[in-house]
Amino acid sequence: MLKNRVKAKCTHLRTTPAAARRRARRWTAFAGALAVAAAGLFPAEVAIASALTAGPAGLLLLTALNTEKQRPRRSGDLMIARTLTGERTVDLSQIERVRMLTYFSYGGVSERVLLVRDAYGTSLGLTEPASRRALRRALENLPRHGPRPRVSKAALVHLGILTAPGRLTLHTVTVWLATVLGLCGYLCAVLKLAT
């Protein structure tokens, strides 16, 4: 009963998935239009150099669009966080999928993000320890009956729910290889188009 009252009271705080998708589409369309407009203004060498940097930068920006930028607020089962495209609200009682994204820098792993998607289609990337604890509690308190969310094993290990020695290492190596091969393929494609 209390849970329903809290949800009813805080529904006005919920950023709808449609609004979040509209914001993301606007930012993506703006970046694409800017790239197309700039392509004809510069010489071929400058266009190639910008394509070499814009592709990977765009991919990083696209994955960072729904990552929390400050400690999120909680209201019952709702987690509300500010992202690059505005506020997003995810319902931790309606989790549909959880997976882990790993980012690298010169020193190795720079960040691990738990990407949570709820039944309403809203995605939110969690990085703060408090957010991870809330997600862990939500996954542990799910009802035994009914549909279970799809949670990757790497996410379960990172949350401390599953103890699988070497699983996080395997995930990290796989993501690193996919990143390196993807960047090499992208560079080859851009250089092939340039000749």
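Leaving aside its neighbours within four places in sequence, which residues is Ser-152 in contact with? The answer is Val-98, Arg-99 and Met-100. Ser-152 sits in the loop between E7 and H5, and its C-alpha atom is separated by 6.4 Å from that of Val-98, even though the two residues are 54 apart along the chain. With a relative accessible area of 26%, Ser-152 counts as partly exposed.

**Getting your bearings**

Before going further, bear in mind that you're looking at a predicted model. The protein chain has a mean pLDDT of 77, with 71% of its residues at 70 or more. That confidence varies from element to element: helix H1 (residues 2–10) has the lowest mean pLDDT, 46, while strand E7 (residues 150–151) has the highest, 90. Over residues 1–12 the pLDDT is below 50, and this stretch has eight contacts in the model beyond near neighbours in sequence.

As for the general layout, the protein chain holds six helices and seven strands. Walk along from the N terminus and you meet them in the order α-α-α-β-β-β-β-β-β-α-β-α-α. Of the chain's 195 residues, 31% count as buried. If you take the contacts with a separation of 6 or more, 55% of them come from residues 24 or more positions apart.

**The three-stranded sheet**

Now for the sheet. Three strands make up an open sheet in the order E1-E2-E3, and their pairing is antiparallel. Strands E1 (73–75) and E3 (86–91) are the edge strands, each pairing on one side only. On average, and with direction ignored, neighbouring strands here are turned by 25° against each other.

Start with E1 and strand E2 (residues 78–83), which run antiparallel and are joined by three bridges. These two form a hairpin with two residues between them, and Gly-76 in the turn has a positive phi of about 65°. Move on to E2 and E3, and you find antiparallel pairing over six bridges. Here too a hairpin makes the link, joining E2 to E3 through two residues.

Some of the residue pairs across these strands are set out here.

| Residue | Partner | Strand of the partner |
|---|---|---|
| Ser-75 | Leu-78 | E2 |
| Arg-74 | Met-79 | E2 |
| Arg-82 | Glu-87 | E3 |

Why is E2 described as largely enclosed by the rest of the structure? Five of its six residues are buried, so the strand is largely enclosed.

**Inside the nonpolar core**

The largest nonpolar core has 19 residues, and those touching the most other members are Met-79, Leu-92, Ile-95, Leu-114, Val-116, Leu-126 and Leu-135. Two or more residues come from each of E2, E4, strand E5 (108–118), strand E6 (123–126), H4 and helix H5 (153–159). H4 gives the largest share, four residues.

Ile-95 is a handy place to see how this part of the chain comes together. Apart from its neighbours within four places in sequence, Ile-95 is in contact with Val-116, Arg-117, Asp-118, Leu-135, Ala-138, Leu-139 and Pro-149.

**A closer look at H4**

Helix H4 (residues 129–140) has 12 residues and reaches 16 Å from its first C-alpha to its last, close to the 16 Å expected at 1.5 Å a residue. Which residues of H4 are buried? They are Ala-130, Ser-131, Ala-134, Leu-135, Ala-138 and Leu-139. To read that pattern, it helps to know that an α-helix has 3.6 residues a turn, so residues three or four places apart point the same way. Of these buried residues, Leu-135, Ala-138 and Leu-139 also appear among the contacts of Ile-95.

**One more long-range pair**

Finally, take a look at Tyr-103, which is found in strand E4 (residues 95–105). Is Tyr-103 buried or exposed? Tyr-103 is buried, with a relative accessible area of 17%. Its C-alpha atom and that of Trp-176 are separated by 8.5 Å, with the two residues 73 apart along the chain.

Note on methods:
Residues numbered from 1 in each chain as written. Predicted model: local features only at pLDDT ≥ 70, side-chain atom pairs only at ≥ 80, totals over all residues. Heavy atoms only, no water. pLDDT = per-residue confidence, 0-100. Contact = heavy atoms within 4.5 Å. Pairing = 2+ DSSP bridges. Axes fitted to C-alpha atoms, helices over the stretch in contact; angles between N-to-C directions. Buried < 20%, exposed > 50% of the residue type's maximum accessible area, 1.4 Å probe, protein only. Expected span 1.5 Å × (residues − 1). Core = buried A, V, L, I, M, F, W, Y, C linked by side-chain atoms within 4.5 Å.
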